[in-house]
Amino acid sequence: MRYQLYGGGGSPYSQKMRGILHYRRLPFDWIQITPGVRAEIKHDGPPVIPLLRLPEDGSLHVDSTPLAMLLEERHSQRSIVPTDPAMAYLSLLIEDMADEWVTKMMFHYRWDLAIDQAYSSRQIISDNTPGLRGEALAKAAQAIRDRQVSRMPLVGCTPQNKPVIERSFHELLSILDGFATRDEYLFGTRPALADFGLFGQLKTLASDHTPMMIMRTSVPSVYDWVRRLEDSSGIEGEWHSIAERRTAIDDMLRFCATYYLPFLQANAEAFAKAEDQVSLSLAGQSYSQPPFKYQVKCYSRLKTLLADAKAPGLREVLAHTGCLAFLE
Ligand SMILES: N[C@@H](CCC(=O)N[C@@H](CS)C(=O)NCC(=O)O)C(=O)O
């Protein structure tokens, strides 16, 4: 009985799920999505990847965070949820930030410069359209390139926001560089959901040309950490308790309080008022984009989870890193 994971080599959320399945030692087939495969699987839900097919009934499911939690309900060994409930919440918060904020770095670097547009568009088509070569491949790559570049403003990847996005990328790398060595992860010596959320986005950044060069030259230890996390099925580690947490956790939470949480709050407010733009200042620089409905859901989920959490030490850590004010 094997799972089937449908995804793409250049899709960060697909990489995240594949990394989780490897770490959890769950048997699965990796199936590269193509237009033909998509037509054949007949999934009525949102047309996104990754999709996970359950072995027992063939049902298909999407959205990597609920998918990871579904695997937690189904399998107890090699869980990616830290046992300390405060650490479990922090892992969910950092994962959410990776999925929704680090993805802006991924999309920005992927589609900003011509050299990256050319590589990424060709790679996506080469993976998802078997048999295409030469002119036909170049034409299809140009079409996806045009489509993705036209979507940049929708997710905030604009010239105006470029300094905030690039600065936050460098800050994130420097936080990770504070601990990234062999077999060390954010919450201990075994990887958590947060590590896999970061991994998905960073794996893509570490293979696209410009961010790959930044990572290899400025933080080679982080580059190597990401490379190894692709398959961590051999790792046997321990969790830290909240009292023993790494300083990188507090740094990451300050990072969330500087960039992601102010954005989430402003996004929810702008969405509620049906405004066209979320506009705010992040780390002293202006940032704006159209409101994003999915991220309204992310924000209320984080608040509800905190309101329900019975987690000694959690509120203190969130308060001293500046996160609590956004989450209560
Ligand atoms: N929240 C979803 C996001 C999935 C997602 O956005 N996937 C992208 C690829 S990485 C996609 O399929 N986009 C549809 C498209 O580009 O047409 C998750 O965590 O799985």
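Two strands are taken to pair if DSSP finds at least two bridges between them, and that criterion is a useful entry point to this predicted model. Strand β5, residues 278-282, is joined to strand β6, residues 285-289, by five bridges, and the two strands run antiparallel. Within this pairing, L280 has Y287 in β6 as its bridge partner. The hairpin that β5 and β6 form leaves two residues between the strands, and A283 adopts a positive phi near 50° there.

From this hairpin one can step back to the whole chain. The protein contains 14 helices and six strands, and its C-alpha trace spans about 60 × 50 × 40 Å along the principal axes. Because a compact globule of 328 residues would have a radius of gyration near 20 Å, the 19 Å of the protein agrees with that expectation. Of the 328 residues, 39% are buried. Among the contacts with a separation of 6 or more, 75% are accounted for by residues 24 or more positions apart.

The domain assignment divides the protein into domain 1 (3-74), domain 2, which is made up of two segments (85-109 + 157-327), and domain 3 (113-155). The centres of domain 1 and domain 2, taken over C-alpha atoms, are separated by 23 Å. Where these two domains meet, 12 residues of domain 1 are in contact with 19 residues of domain 2. On the side of domain 1 that touches domain 2, the elements giving two or more residues are α1 and α3, and α1 gives the most, with eight residues. In chemical character, the residues on this side of domain 1 divide into five nonpolar, five polar and two charged.

The ligand brings the same two helices back into view, as the elements giving two or more residues to its shell are α1 (12-23) and α3 (64-74). Surrounding the ligand are S11, P12 and Y13, then V48, I49 and P50, followed by D63, S64 and T65, and finally D99. This shell is composed of five nonpolar, three polar and two charged residues. Read together, these descriptions place α1 and α3 both on the side of domain 1 that touches domain 2 and in the shell around the ligand.

Note on methods: Residues are numbered from 1 along each chain as its sequence is written. This is a predicted model: local features need pLDDT of at least 70, side-chain atom pairs count only at pLDDT 80 or more; totals for chains, interfaces and linings use all residues. A residue is near a molecule or strand if its C-beta atom, placed from the backbone, lies within 6 Å of it. Helices (H or I, at least four residues) and strands (E, at least two) are DSSP runs, numbered from the N terminus. Ala, Val, Leu, Ile, Met, Phe, Trp, Tyr, Cys and Pro count as nonpolar, Asp, Glu, Lys and Arg as charged, and the others, Gly among them, as polar. The radius of gyration is taken over C-alpha atoms; the globule rule is 2.2 Å times the number of residues to the power 0.38. A residue is buried if 20 or more other C-beta atoms lie within 10 Å of its own, exposed if 12 or fewer, and partly exposed in between; C-beta atoms are placed from the backbone. Two residues are in contact if their C-beta atoms, placed from the backbone, lie within 7 Å. Domain bounds come from an automatic or database domain assignment.
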